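Here is a quick tour for anyone meeting this structure for the first time. Have a look around, then read on.

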Amino acid sequence: MSFGDNLQYLRKRDKITQEELAEKLQVSRQSVSKWETGEAYPETEKIIALCDIFGVTMDALMRGDVTPSGQSAEEYAQTVPEVCADEGRAAEEKEAEGEAAERAPSEQTKKLVFLNAAGAAVTGVIMSCAVIAFFCLGGIAGLWHPGWLVFPLALSLCAFFDDVFAKKNAPDVPVRPLASRIFKGLAGMTMLLSVTIYLFIGCVWGIWHPSWVIFIVAVILVGAFDRISKIICGYKCK
């Protein structure tokens, strides 16, 4: 009898599964399966451990015949390998199910995919509307200037919705509560919006001074909105 046949018999005799034996030896189930089929052999320390587990000598395990007297190798080969093959298939199916479960998207990932898709749709609509508005103002009313200000206005709105729809979140980062995302979006759009307002006041009314004060107000608002967002989130979100 080969080492693999002896190992199969001893394991079956003691009603130990390949997984249980692998756990005892701190190896993978595939390693035990390969030992039993003769595809590989264990290290010396593992052989000694096997002898201790099954109560046999190393010589009997490696070169002897540990099957009961009266049972031929042919009779043994007709039963044990088939059972081991079934066990191996069952273990492989279990592993496949575990891998499939790991590959399945989590609720967090599904939520992020939905939010990102919604955010992309909204920002796409905003930019499209900005282009249409620009050409309408220019072509119909002749307001090519300051009609171009619709673009920085649109960008500030996109910055807002990027945060509201969590487009900057990673799959392993918890999605902020909606209220927190809204204040985060306000913080993200405030500086762009302040630039838009400053340019509009300057281009339309020529009041470049003291309208620059709007940037000081914007900085204060950004800090306030960001702080409120973190308080709502509990400082657990990035």
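Let's start with some vocabulary: buried means under 20% relative accessible area, exposed means over 50%, and partly exposed is whatever falls in between. Keep in mind that this is a predicted model. K230 has a relative accessible area of 34%, so it goes down as partly exposed.

K230 is a handy way into the charged side of things. Its side chain meets that of D226 in a salt bridge. Both sit in helix α11, four residues apart, or about one turn of the helix. In general, an α-helix has 3.6 residues a turn, so residues three or four places apart point the same way.

D226 also pairs up with K184 in a salt bridge. That one links distant parts of the chain, since K184 belongs to helix α10 and D226 to helix α11, 42 residues apart. K184 is partly exposed because its relative accessibility is 25%. Through shared partners, the salt bridges join K184, D226 and K230 into one network.

The whole structure has four salt bridges; here are some of them.

| Salt bridge | N to O distance |
|---|---|
| R13 and D14 | 2.9 Å |
| K184 and D226 | 3.3 Å |
| K230 and D226 | 3.6 Å |

As for R13 and D14, R13 is partly exposed because its relative accessible area is 39%. D14 is partly exposed too, at 32% relative accessibility.

Now back to the start of the chain. Helix α1 covers residues 3–13 and is mostly covered, with eight of its 11 residues buried. Among the buried ones are F3, L7, Y9 and L10. After α1 comes K15, which has a positive phi, near 55°.

What does α1 pack into? The largest nonpolar core has 17 residues, and L7, L10, L21, W35, L50, F54 and L61 touch the most other members. Helices α1, α2 (18–25), α3 (29–37) and α4 (44–54) each put in at least two residues. Setting aside neighbours within four places in sequence, L7 is in contact with L21, W35, E36, L50, F54 and L61. Apart from that core lies another one, made of eight residues, including L112, L115, V164 and M189.

Not every nonpolar side chain is tucked away, though: W212, V213, I216, V217, I220 and L221 form a nonpolar patch on the surface, with about 520 Å² of accessible area together. W212 lies in the loop between α10 (178–205) and α11 (213–233). It is partly exposed because its relative accessibility is 39%.

Key. Residues numbered from 1 in each chain as written. Predicted model: local features only at pLDDT ≥ 70, side-chain atom pairs only at ≥ 80, totals over all residues. Heavy atoms only, no water. Patch = residues over 30% accessible without salt bridge, like charges linked within 9 Å, V, L, I, M, F, W, Y side chains within 5 Å. Areas by Shrake-Rupley, 256 points an atom, 1.4 Å probe, with all protein chains shown as cover. Buried < 20%, exposed > 50% of the residue type's maximum accessible area, 1.4 Å probe, protein only. Core = buried A, V, L, I, M, F, W, Y, C linked by side-chain atoms within 4.5 Å. Contact = heavy atoms within 4.5 Å.
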